[in-house]
Amino acid sequence: MTSTPTQAPPPDLQKSVLRDAAFLRLWSGTTASGLATWALPFVLGLAVLQRELSAGGLGLVLAARTGGFLLAVTVGGVLADRHSRRAVVLWSGLMAAAAAPLLAAGLGRSTVLMMGAAALAGAGQGACRPAFQALTAETVDAARRRQANAAMTFSVRVSTLLGPSLAALLAAFLDVAALLLGIGALWLVAALAPGRGSARPADSIPQQASLVGEFMEGVREARRHPWFVAGLTALTAVIATGYSATGVALPLVSRDRYDTEVVLAAATTAYTLGALGGAVLIARWRPRSQGWAALAGLAAYGFAPLSLMLPVHPAVVVTAYAVAGIGIELFNVPWFTATQREVAPDKLARVSSLDFLMSYGLAPVGLALIAPAIGAFGVGPVLGVCAAVCFLAPAGAGLVRTARYFSGGEVRHT
């Protein structure tokens with residue numbers, strides 16, 4: 001079904017979502033989960049530096065975490081539509097928290113134990129993602145969801161900066177095992193902080209069928225919204241090409257063309273700061289053709305690989321990454337808000353899990369293919385193809401019926 005929301009009241013007549021206790025509890029939980037997620041790879045990297053884990057072991061542990069995430073994000077979406085979203089957040093957070101002491105126990109002793117613990121941590125992370133997304137829709141009224149989603153994405157970007165930075169700071173005083181236990185404590189906060197969302201009507205809870213059958217119901221719901229299918233296809237293409245290519249090529253270009261790591265650090269920081277700025281901007285800016293504006297923001301990621309192709313001043317590369325960061329949030333916030341508005345509430349978590357599975361789940365595939373492609377064809381041609389995909393995929397999505405407003409109806413204001 002496609003809902004028809006009412007006109008949102010002017011911002012000055014709305015109570016700010018940042019003054020809503022229920023939302024702040026939810027925001028605290030998602031922020032804690034983000035800090036834990038981004039800190040873990042850094043802490044495991046410290047274990048390699050301290051020779052408590054080999055480089056090969058690190059790759060296996062991170063791969064196990066990714067595998068756990070991909071499996072659980074699908075199951076978590078089904079469970080979050082079948083049961084209480086709050087309960088799924090609780091148990092997934094507790095699962096990730098339980099993995100922390102197991103990771104600490106395996107340090108220097110058993111890579112197999114650490115792989116199992118990492119898979120458990122990834123499963124907790126994956127299961128909570130669609131539940132958090134659906135719980136946001138339950139906790140915040142439609143008129144304030146854009147602001148709420150902007151606050152959520154803002155916390156994600158801050159977590160990417162603070163997670164590794166805090167871990168590095170604490171590493172001066174604590175060993176790796178203690179840092180891992182600290183990550184477990186963050187997951188406890190993620191599990192316990194959020195409150196309950198508004199209760200769903202009893203008839204909105206689906207009949208229990210097989211997990212696969214219920215997930216396919218979510219896929220069918222997603223297919224009912226052409227704008228969603230087109231946008232998800234474009235997002236997946238951008239992440240699998242542009243994001244993956246720059247992740248591999250940026251260090252190479254920083255080293256070989258500019259002979260310094262400063263460009264790598266500055267561009268990465270500029271991307272995050274740009275995303276923070278984009279989240280602040282889109283919390284208030286409401287373009288009339290919100291779908292086209294969002295897709296244009298997504299296409300802006302193409303400037304990142306394009307800047308790496310050309311022999312430009314380092315400032316141009318840094319600026320391109322800042323623009324890409326702004327653009328990705330100009331896409332993310334309207335995308336999440338439209339999904340929460342348009343998708344049937346009893347299928348929202350499953351559609352969200354499909355979103356995370358396709359867009360971020362396929363990123364490792366892109367990373368795995370980009371390096372051999374660069375070796376075979378060179379950095380320039382690969383980056384050229386990736387930039388073209390980043391520009392053309394969102395443009396193609398914008399031609400799809402209903403993509404202009406990210407809505408099945410006429411002009412929407414959210």
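Of the 414 residues in the protein chain, 52% count as buried, where buried means a relative accessible area under 20%. This is a predicted model, and every value described here is to be read with that in mind.

The secondary structure of the protein chain consists of 15 helices and zero strands. As for overall dimensions, the C-alpha trace spans about 55 × 50 × 40 Å along its principal axes. For a chain of 414 residues, a compact globule would be expected to have a radius of gyration near 22 Å, and because the protein chain has 21 Å, the two agree.

How the chain is held in contact with itself can be followed through the sequence: among the contacts with a separation of 6 or more, 86% are accounted for by residues that lie 24 or more positions apart. Turning to the outside, the accessible surface of the protein chain comes to about 17400 Å², and 70% of that surface belongs to carbon and sulfur atoms. The chain also carries 30 positive and 19 negative charges, whose mean positions are 3 Å apart.

It remains to ask how confident the prediction is. The mean pLDDT of the protein chain is 87, with 92% of its residues reaching 70 or more. Confidence is highest in helix H10 (residues 290-299), at a mean of 96, and lowest in helix H14 (residues 363-377), at 81. Over residues 1-13 the pLDDT is below 50, although this stretch has 24 contacts in the model beyond near neighbours in sequence. Residues 410-414 likewise have a pLDDT below 50, and this stretch has 20 contacts beyond near neighbours in sequence.

Methods: Residues are numbered from 1 along each chain as its sequence is written. This is a predicted model: local features need pLDDT of at least 70, side-chain atom pairs count only at pLDDT 80 or more; totals for chains, interfaces and linings use all residues. Side-chain values use heavy atoms; hydrogens and water are left out. Helices (H or I, at least four residues) and strands (E, at least two) are DSSP runs, numbered from the N terminus. The radius of gyration is taken over C-alpha atoms; the globule rule is 2.2 Å times the number of residues to the power 0.38. Buried means under 20% relative accessible area, exposed over 50%, partly exposed in between (1.4 Å probe, protein chains only). Contact means heavy atoms within 4.5 Å. Accessible areas come from the Shrake-Rupley method with a 1.4 Å probe; for residues, only the protein chains shown count as cover. Lys and Arg count as positive and Asp and Glu as negative; His and the chain ends are not counted. The place of a charge is taken as NZ of Lys, CZ of Arg, CG of Asp or CD of Glu. pLDDT is the predictor's confidence in each residue, from 0 to 100.
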